[in-house]
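Me: Please give me a close look at one part of this chain, with attention to what its side chains pair with and what they pack against. Put the part in the context of the whole chain where that helps.

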Amino acid sequence: MRILVARGTNRGTNSLKNLHFRSRFRYKNTNNLDKIYTKIALDIDSIIQRKENVDWYKNQDLQNEIKKEIESFSIKPKISIVVPVYNVDEVWLRRNIESVRNQSYDNWELCLADDCSPAPHIKRVLNEYIKSDSRIKVVFREKNGHISRAANSALKMATGDFIGFMDNDDELA
């Protein structure tokens, strides 16, 4: 008998790309069926890879349709996205920001408030993004005020018609 035990998955995303069979599971082997299960895992990975390639081409057509639809909007409200930031790992902070930048709808602003993070990469990464995209606004708080004060600091910068909130390690699809 073989028991499949789930391991941790990538945070913040449900994309098929992150559901690779071998990288998400480990086996507890209670018999000698290793070769069969390895073959099944490889077959599943192969199917996922082929599906991702087909999805990429379909996605390009879909993106073009979405862009045409957005261009036809008579009103394009600005959306402010408020993100309090504190000591998040660099990879999650970058993925958070990039997930906003990769949206099809481009009339947005990202308002980030660093809550006096002691991690040195926070300031460096945020400054990098300020320089690369004028829609990104950042305030560096001088004193830690926890999530509510950090969110309020970011909210003060928001000028959008609509406001949304994200955690610093969340991603938009």
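Reply: A good starting point is R101, which at 26% relative accessibility counts as partly exposed. The model is predicted, so everything below is computed from it. R101 forms a salt bridge with E98, the closest N and O atoms being 3.3 Å apart. Both residues belong to helix α3, and because they are three residues apart there, about one helical turn separates them. E98 is also partly exposed, at 27% relative accessibility.

Helix α3 has a further charged pair. R95 forms a salt bridge with E171, with the closest N and O atoms 3.2 Å apart. R95 lies in α3, whereas E171 is in the segment after β6 (162-165), so this pair ties together parts that are 76 residues apart in sequence. R95 is partly exposed as well, at 25% relative accessibility.

Another set of charges is arranged as a network of salt bridges linking E90, R94, R124 and E128. By residue range, E90 and R94 fall within α3 (90-101), while R124 and E128 fall within α4 (120-132).

The nonpolar side of the picture can be read from I97. Leaving out residues up to four places away in sequence, I97 touches L110, L112, L126, Y129 and I136. The largest nonpolar core has 19 residues, and those touching the most other members are L93, I97, L110, L112 and I136. Two or more residues of this core come from each of β3 (79-85), α3 (90-101), β4 (108-114), α4 (120-132) and β5 (136-140). Another core lies apart from it; this one has six residues, including V82, C111, A113 and A150.

Helix α4 shows how one of these elements is turned towards its cover. Its buried residues are H121, I122, V125, L126 and Y129. They are on the same side of α4, because they cover an arc of only 125 degrees around the axis. That buried set includes L126 and Y129, which are also among the residues that I97 touches. The cover over the buried residues of α4 includes β3, α3, β4 and β5. The face turned away from the buried side carries P120 and K131, both exposed.

The strands have a charged pair too. K137 and E109 meet through their side chains in a salt bridge, at 2.7 Å from N to O. K137 is in strand β5 and E109 in strand β4, so the pair ties together parts that are 28 residues apart in sequence. Accessibility is uneven within the pair: K137 is partly exposed at 26%, but E109 is buried at 2%.

For context, the structure holds 10 salt bridges. The chain has five helices and six strands, and from the N terminus on these run β-α-β-α-β-α-β-α-β-α-β. Of its 173 residues, 29% are buried. Among contacts between residues at least 6 apart in sequence, 76% join residues at least 24 apart. The accessible surface is about 11400 Å², with 54% of it belonging to carbon and sulfur atoms.

One nonpolar patch is found on that surface: L155, I163 and F165 make a patch of about 280 Å². L155 sits in helix α5 (residues 146-157) and is partly exposed, with a relative accessible area of 30%.

Key. Residues are numbered from 1 along each chain as its sequence is written. This is a predicted model: local features need pLDDT of at least 70, side-chain atom pairs count only at pLDDT 80 or more; totals for chains, interfaces and linings use all residues. Side-chain values use heavy atoms; hydrogens and water are left out. Patches are made of residues with over 30% relative accessible area and no salt bridge: like charges are joined within 9 Å, nonpolar side chains (Val, Leu, Ile, Met, Phe, Trp, Tyr) within 5 Å. Accessible areas come from the Shrake-Rupley method with a 1.4 Å probe; for residues, only the protein chains shown count as cover. A salt bridge is a side-chain nitrogen of Lys or Arg within 4 Å of a carboxyl oxygen of Asp or Glu. Helices (H or I, at least four residues) and strands (E, at least two) are DSSP runs, numbered from the N terminus. Buried means under 20% relative accessible area, exposed over 50%, partly exposed in between (1.4 Å probe, protein chains only). A nonpolar core is a set of buried Ala, Val, Leu, Ile, Met, Phe, Trp, Tyr and Cys residues joined through side-chain atoms within 4.5 Å. Contact means heavy atoms within 4.5 Å. The arc is that of the directions from the helix axis to the C-beta atoms.
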